[in-house]
Amino acid sequence: MAEFVGAVDQGTTSTRFMVFDHSGNEVGRHQLEHEQILPQAGWVEHNPVEIWERTSSVIQTGLNKTNLSASDLVSLGITNQRETAVVWDKRTGRPLYNAIVWQDTRTDRIASALDRDGRGDVIRQKAGLPPATYFSGGKIQWILENVDGAREAAESGNAIFGNTDTWLLWNLTGGTSGGVHVTDPTNASRTMLMNLETLDWDDELLGFFNIPRAMLPEIKPSSAPGEGYGTTLKNGPLNGEVTLNGDLGDQQAAMVGQVCLAPGEAKNTYGTGNFMLLNTGTELVRSKAGLLSTVCYKFGDEPTVYALEGSIAVTGSAVQWLRDQLGIISGASESESLARQVPDNGGVYFVPAFSGLFAPYWRSDARGAIVGLSRFNTNAHLARATLEAICYQSRDVAEAMEKDSGVHLEVLKVDGGVTANELCMQIQADVLGVEVSRPVVAETTALGAAYAAGLAVGFWKNTDELRSNWNESKRWTPQWSKEQRDEGYAKWGKAVTRTLDWVDVS
């Protein structure tokens, strides 16, 4: 009898496969990075074929490492980097262009044009999103306008679109031999093309981007009972034996993994970027403070649950920048030991606006800045300022969330790779002035996808079972005084102003 649930977590820098038991404990995993393609300043791409090959490999190796086979899995869930757009030919299975990643800023003129003529207000009302380079709609438009033959292929019904969840689901279920073309509302709500109230593609929004409706996948629940989205193909890594029943964008998956399933519950995921979400229940709350209104999840026939989200483009990837571009650390973990060499930031503030500023500013004209430098400063101060930047950006979002919802955070649940950096988590508690709690299973994104898949087939009977699985690993308590906190945040705000109006996007 199948005793485990599998989850594919297709992220911005890597793809991992994880296996969980009924208690939500990790049984095994395998993970592979993929190439970050940077053709020019502001452009970020991935090779979709490489991502599919990595996915097949991590599934096969992950099962081998744990001495499991496909028949040991009751279901499979997928979670993914959202907003990263793939357009491919359904006849050949070949991408028409590289995947344009959520961090990419090439569509800044498309986004600014939408705001100039009033279409932006319609997008905010219908899709819950501001016009921004972040979301998929502009990326699809760019491909249709700039790749030879793309428009014709789309008009004839041969070119189809998906975020990376849809690309993987299509390949896992057969690809050119009958692969399913589906997504879920959490991913669809990140395109600027879906109506948040109807959970369907909106013809007016499609018209804004001149995107044929036939390109778009069918929207199914995040947790899909029965046959779900389909069964894995027979000659693939799962031998045609596993149904695909869970599909959630990565940040919504982390909400499920952190069991933030009641209104007012919130979490912050620390990955390539940071993403703080607040469950607003079945009420669609429209932000007035620069946050996103988004779908949190939809389980089967149950009512849709919504969330407010604060999305931050560059947090963990700022640490990667220290490693890959500056070469001042050899690995992410070294950022902590280097930063611990100094008691504070030495007056240095680093605003890593490499892709502009996301929530709550939404300024695509911003670019990164390091300010406050003196001859006194060392690479340790820069490492510390990088960790503080992660935490100050999260405070920006927490403040906006409180304005919109009236909910004051008592404890912040955290997850993701950066939470292994204990100095960073202590700084987060200090900057926010609230306790920070990390669960035993820090990779809650994959766990959430597993939960969605397992709920759909009755592996977990209800969400109460999920709550009983959650256990705390560590808690950090604020140590800064209110004066320290206020002074640091005021200087952070001053540093942010130095990044603005750098790029002309008129």
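This passage walks through a few local features of a predicted model, from buried side chains to helix packing and unusual backbone geometry.

A good place to start is Arg190, which sits in the loop between helix 7 (185–188) and strand 10 (194–195). With a relative accessibility of 0%, this arginine counts as buried. Its side chain makes a polar contact with the side chain of Thr294, at 3.1 Å. Setting aside neighbours within four places in sequence, Arg190 is in contact with residues from several parts of the chain, among them Arg82, Glu83, Tyr134, Gln252, Thr294 and Glu309.

One of those partners, Glu83, has a backbone quirk of its own. Most residues other than glycine have a negative phi, and most peptide bonds are trans. Glu83 is not a glycine, yet its phi is positive, at about 70°. This glutamate is found in the loop between strand 5 (73–80) and strand 6 (86–89), and it counts as buried, at 1% relative accessibility. Leu199 is another residue other than glycine with a positive phi, here near 55°. The loop between strand 10 and strand 11 holds Leu199, which is buried with a relative accessible area of 15%. As for the peptide bonds, a cis one joins Ala359 and Pro360, with omega at about -5°. Pro360 belongs to the loop between strand 19 (349–351) and strand 20 (369–371).

Asp202 lies in the loop between strand 11 (200–201) and helix 8 (203–209). At 10% relative accessibility, this aspartate counts as buried, since the cut-off is 20%. The side chain of Asp202 makes a polar contact with that of Lys126, at 3.1 Å. Beyond neighbours within four places in sequence, Asp202 is in contact with Lys126, Leu193 and Asn195.

Next comes a helix pair. Two packed helices are described by the angle between their axes and the distance between the axes. For helix 9 (residues 250–257) and helix 14 (residues 444–456), the angle is about 80° and the axes are 7 Å apart. The two helices are therefore roughly perpendicular to each other. Helix 9 brings Asp250, Ala253, Ala254, Val256 and Gly257 to the contact, where they meet Thr444, Thr445, Leu447, Gly448, Ala449 and Tyr451 of helix 14. Sorted by type, the residues of this contact are six nonpolar, four polar and one charged.

Following helix 14, in the loop that leads to helix 15 (463–469), is Trp460. This tryptophan is buried, with a relative accessible area of 0%. Although Trp460 and His22 are 438 residues apart along the chain, their C-alpha atoms are separated by 7.3 Å. The side chain of Trp460 also reaches the backbone oxygen of His22, at 2.7 Å. Leaving out neighbours within four places in sequence, the contacts of Trp460 include Val5, Asp21 and His22, as well as Ala450, Tyr451 and Gly454. Tyr451 is also one of the helix 14 residues that meet helix 9.

Finally, the cysteines. A disulfide is a covalent bond between the sulfur atoms of two cysteines. The count of disulfides here comes to zero. The cysteine sulfur closest to that of Cys260 belongs to Cys296, and because it is 8.1 Å away, it is too far for a bond. Both residues are tucked away from the surface in the sense that Cys260 counts as buried, at 1% relative accessibility, and Cys296 is buried too, with a relative accessible area of 0%.

Note on methods: Residues are numbered from 1 along each chain as its sequence is written. Side-chain values use heavy atoms; hydrogens and water are left out. Helices (H or I, at least four residues) and strands (E, at least two) are DSSP runs, numbered from the N terminus. Buried means under 20% relative accessible area, exposed over 50%, partly exposed in between (1.4 Å probe, protein chains only). A polar contact is a pair of N or O atoms within 3.5 Å; within protein, one must be able to donate a hydrogen and the other to accept it, and residues adjacent in sequence count only if both atoms are side-chain atoms. Contact means heavy atoms within 4.5 Å. Axes are lines fitted to C-alpha atoms, for helices over the stretch in contact, and angles run from 0 to 180 degrees between N-to-C directions. Angles under 35 degrees count as roughly parallel, over 145 as roughly antiparallel, 65 to 115 as roughly perpendicular and the rest as oblique. Ala, Val, Leu, Ile, Met, Phe, Trp, Tyr, Cys and Pro count as nonpolar, Asp, Glu, Lys and Arg as charged, and the others, Gly among them, as polar. A disulfide is a pair of cysteine sulfur atoms within 2.5 Å.
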